[in-house]
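Please study the sequence and the structure shown below before attempting the exercises.

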Amino acid sequence: MDVSPPLPLRPPMAFSGFLPTGALLDSLIHISNEVSSMEKFPFVQVRNTSTMIRRIKLLSSLFEEIQETNTKLPPSSILCLTELFSVIQRVKLVIQGCKDGSCLWNLMQIEYISKQFYVLVKEMGRALDILPLSLLHITTDIREQVELLHKQAKRAELIADNRELQRRDDFLRLMASNNEKNSKNKGFVDFDKVKDLLSDIGLRDPLDYEEEISKLEAEAQRQAGTGGLIVVSNINNLISLVSYAKSLIFSSNEEAEKVKGSSAHYSLTALRNYDLSSSSQMIVTNVPDEFRCPISLDLMRDPVIVSSGHTYDRTSIAQWINSGHHTCPKSGQRLIHMALIPNYSLKSLVHQWCQENNIPLIEHPSSSLSELERSSSGQRNSSENAIDHLSAAKAAVDAVKMTAEFLVGKLATGSPEIQRQAAYELRLLAKTGMDNRRIIAEAGAIPFLVTLLSSQDPKIQENAVTALLNLSIFDNNKILLMAAGAVEKIVDVLESGKNMEARENAAAAIFSLSMIDDCKVSIGGHPRAIAGLVSLLREGTSTGKRDAATALINLAVYNINRVSVVAAGAVPLLIDLLMDDKAGITDDALALLALLLGCHEGLEEIRKSRVLVPLLVDLLRFGSPKGRENAITLLLGLCKDGGEEVAGRLLMNPRSIPSLRSLAADGSLRARRKADALLRLLNRCCSHSRNPVG
């Protein structure tokens, strides 16, 4: 049973990265109301805009209620609100850009802008990860709405409106069609279609066309320094298209013919020259995954390797580093140097793929230093109202650092009530982002959290073990946890934790630590670790059973640990779990049994079961692909090397041979090979007494 939330901790007196609480809430309410009151939606990104405004209206209610309570806020909530302020600022800029910018250019960039909305929703979800709702004095209604918003943000997917995509694709097809007909010099092949498409994005009278031309010209000027020649050329071609369409639609017939005669060739040339795939801000479709940058998900035109060994597009990783990050985005490892080393082999493959698919390849500057400088300059000059991302990123890191140091201080010197809250807030803070996990560990949190594992307070213990679980996701922290003697204390919680959630999270922490080979040996050598996991496998909830099973699977990679798992009584328990539909860990139980088959003790214990063979036969037909693989692995292992008695039981089962034949025909490659091997083995077993089975 949860205890009532304690009074919030008083934040440090000077948080240079934060506004004062009152000013922060005022700013949040003001900017949320500005976004919520936006009335005239853009003609492009209508769905993303309306959905985002609805989310911010809900957050506005939260901000107003927090302000009305007039109570001190926990440090992690101040950090969350600060990050939400940054997110809402950028939402405002994106929506304003869609409203004030060129409709036609926005249509051409639909995936790029949709990805901006997607990134902002995900950042909103990550900010809400660290919001300690249980410590805020808000109504149940608002709490439930924020929890629902949090879940939706975590599950959100990239949304590009199908109707807008269809308009864009129709437009590009029309342009391509005009290219093919250029030699006939007949102007637009389907002029009514052009008129309809432009009308769909809001161009309906001469003033609309004039305004669109002005916006395109302004976009061309903005792109001139950063977008590249082809981007500017594409925009200029769009300007020619809109101008030509305006002349044909709104001029008199005589004037239209004159314009048509003098401008048709130029207009068609512009259409022919419009690059449908090379804009630096438009997404090339059908790119192989191995050619996509892990940051932007776009084609890597200039792949470079960072010190962690991962490859990124030069522009994307340069912007990442320029924003104040010093870790590898993919692995979370700290970069020991900032040099960007060209990946010539991948670059050659990308060049070849681009040539085969008629995609022009625009080279980026080769100097990483000049790229960083250019990236920084481009961000400063892109818009007077744009957020200074470098400053924002640095301020965010500083804010997390100060929050972590403050909370660690409370862990060290606070009362049990203060420790409970500090551990809870660290648990939330460590839940999201490798940078957060690194910063918390650098603040010295791990030794204090390990000490709190022995607390008699159930919530302190639960928060401490969960915080350590979250911290252990960062590989460097695994080493720090082992050095701090965390395994002994985590095993204590696993065996006799004050509540089931603490025990289950202890099992998950053991699983996380056991990802490192040296830790597998150390944990397996602990006299109570494996027995504690087997005990949780017996007593835990479905989640706890799964956590225990996956941890045991990790440990059982080493043969010496398999013997300990068998000795702890895991085999009969795992077989029982195969028959328990509510447990929901059939695949994990099969995988662990297949590993235990690899030691003599495990093989003998599994052969004792009289119910396993018919269970495995049924799983050959009705199990998941992974389950079927492990089921056939078990059956083959049981029948080999002295398993005549098991083979006999298998032959007596009328469903076994049809199930094996079915698996040999339509299973995975590995499953088919093993099914064929088992059929041959059974054939040899009965060849002296009856007809062959295969």
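Three exercises with worked solutions follow.

The model is predicted: local features need pLDDT of at least 70, side-chain atom pairs count only at pLDDT 80 or more, and totals for chains, interfaces and linings use all residues. Residues are numbered from 1 along each chain as its sequence is written, and side-chain values use heavy atoms, with hydrogens and water left out.

**Exercise 1.** Describe how helix 27 and helix 28 meet.

Step 1. Helix 27 covers residues 570-578 and helix 28 covers residues 586-596; helices are DSSP runs (H or I, at least four residues), numbered from the N terminus.

Step 2. Their axes come within 9 Å and cross at roughly 145 degrees. Axes are lines fitted to C-alpha atoms, for helices over the stretch in contact, and angles run from 0 to 180 degrees between N-to-C directions.

Step 3. Helix 27 contributes Val571, Leu574, Ile575 and Leu578 to the contact (heavy atoms within 4.5 Å). From helix 28 come Thr586, Ala589, Leu590, Leu592, Leu593 and Leu596.

Step 4. By class, this contact between helix 27 and helix 28 has nine nonpolar, one polar and no charged residues. Ala, Val, Leu, Ile, Met, Phe, Trp, Tyr, Cys and Pro count as nonpolar, Asp, Glu, Lys and Arg as charged, and the others, Gly among them, as polar.

**Exercise 2.** Set out the order of the open sheet of three strands and find its edge strands.

Step 1. The strand order is 2-1-3, with antiparallel pairing. Strands are DSSP runs (E, at least two residues), and two of them pair if DSSP finds at least two bridges between them.

Step 2. Strand 2 (311-313) and strand 3 (341-342) are the edges, each pairing on one side only.

Step 3. Strand 1 (residues 303-305) pairs with strand 3 over two bridges, in the antiparallel sense. Here Val304 stands opposite Pro342 in strand 3.

Step 4. Helix 12 (residues 314-322) packs on the sheet and touches strand 1, strand 2 and strand 3. The direction of helix 12 makes about 95 degrees with that of strand 2.

**Exercise 3.** Which residues line the second largest cavity?

Step 1. The lining consists of Ser331, Gly332, Gln333, Phe474, Asp475 and Asn476. On a 1 Å grid over the protein atoms alone, a cavity is a set of points where a 1.4 Å probe fits but cannot get out, and lining residues have an atom within 4 Å of a point.

Step 2. These residues divide into one nonpolar, four polar and one charged.

Definitions and conventions. 1 Å grid on protein atoms, 1.4 Å probe; cavity = no way out; pocket = protein on both sides within 12 Å on 5 of 7 lines; lining within 4 Å.
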